[in-house]
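Dear colleague,

I am passing on the structure we spoke about, and I would be glad if you could open it beside this message while you read.

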Amino acid sequence: MNKNRPVNLDITTFRLPITPYSSILHRISGVFLFLLIPLLLVMLDRSLESPEEFSRLQDSMDGFVMKFVVWTVVSALLYHLVAGVRHMIMDMGYGETLEGGQLGAKLTIGISAVLIFLAGIWIW
C-alpha cells in the first residue's frame, strides 16, 4: 500500500486554474444546447401551424418562464460559440502555452459574460 497517496479527497478544497472552469462551462453549455434546442424546434413547428397558434405562442413569450428559457438557450449558445472560436484559434497554434491558455480562458469568460448580459437586456 502506497503511504504517499493523498488522503484529502474533498473536491471543494481543490483550487483549479481558470482553464478547467472554462472547459467545464463549454461542456455544460453543449449539454444545455442539446437538451433545449429540441424545445425551440417544437416551438417553431407550433408557430408555423396557423396564425392563431403563432399568436398564442407570441403571447406566451411575455411570461417570465419563456423569457428565462430563451435567455438560457441564447446564453448557452453564446458561450459555446465563443469557447468554440477559442478552440479553433488554439487549433491554429495560438494560445497553446500555459499563459496563452489562461488568457484565452479569461477572454472567453469575459467576452461571453458581456454578450450574455447584452442578450439579457435584449430579451427582457
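Below is what was found for one pair of helices and for one residue in their contact.

Please bear in mind that this is a predicted model. Helix H1 covers residues 18-47 and helix H4 residues 98-123, and the two pack with their axes 8 Å apart at an angle of about 45 degrees. Because that angle falls in neither the parallel, the antiparallel nor the perpendicular range, H1 and H4 are described as oblique to each other. The crossing in which H1 passes H4 is left-handed.

On the H1 side, the contact is made by Ile 18, Thr 19 and Ser 22, which meet Gly 101, Gln 102, Ala 105, Lys 106, Thr 108 and Ile 109 in H4. Sorted by class, the residues of this contact are three nonpolar, five polar and one charged.

As for H4 itself, its 26 residues should span 38 Å at 1.5 Å a residue, and this agrees with the 37 Å that separate its end C-alpha atoms. The buried residues of H4 include Gly 100, Gly 104, Ser 112, Ile 116 and Ile 123, and the buried residues of this helix pack against H1 and against helix H3, residues 64-91.

Thr 108, which lies in H4, may be a good place to begin looking. Its relative accessible area is 2%, so Thr 108 counts as buried, the cut-off being under 20%. Leaving aside residues up to four places away in sequence, Thr 108 touches Ser 22, Tyr 79, Val 82, Ala 83 and Arg 86.

With best regards

Note on methods: Residues numbered from 1 in each chain as written. Predicted model: local features only at pLDDT ≥ 70, side-chain atom pairs only at ≥ 80, totals over all residues. Heavy atoms only, no water. Axes fitted to C-alpha atoms, helices over the stretch in contact; angles between N-to-C directions. Helix = DSSP H or I, 4+ residues; strand = E, 2+ residues; numbered from the N terminus. Parallel < 35°, antiparallel > 145°, perpendicular 65-115°, else oblique. Left-handed = near helix turned anticlockwise from the far one by under 90°. Contact = heavy atoms within 4.5 Å. Nonpolar A, V, L, I, M, F, W, Y, C, P; charged D, E, K, R; others polar. Expected span 1.5 Å × (residues − 1). Buried < 20%, exposed > 50% of the residue type's maximum accessible area, 1.4 Å probe, protein only.
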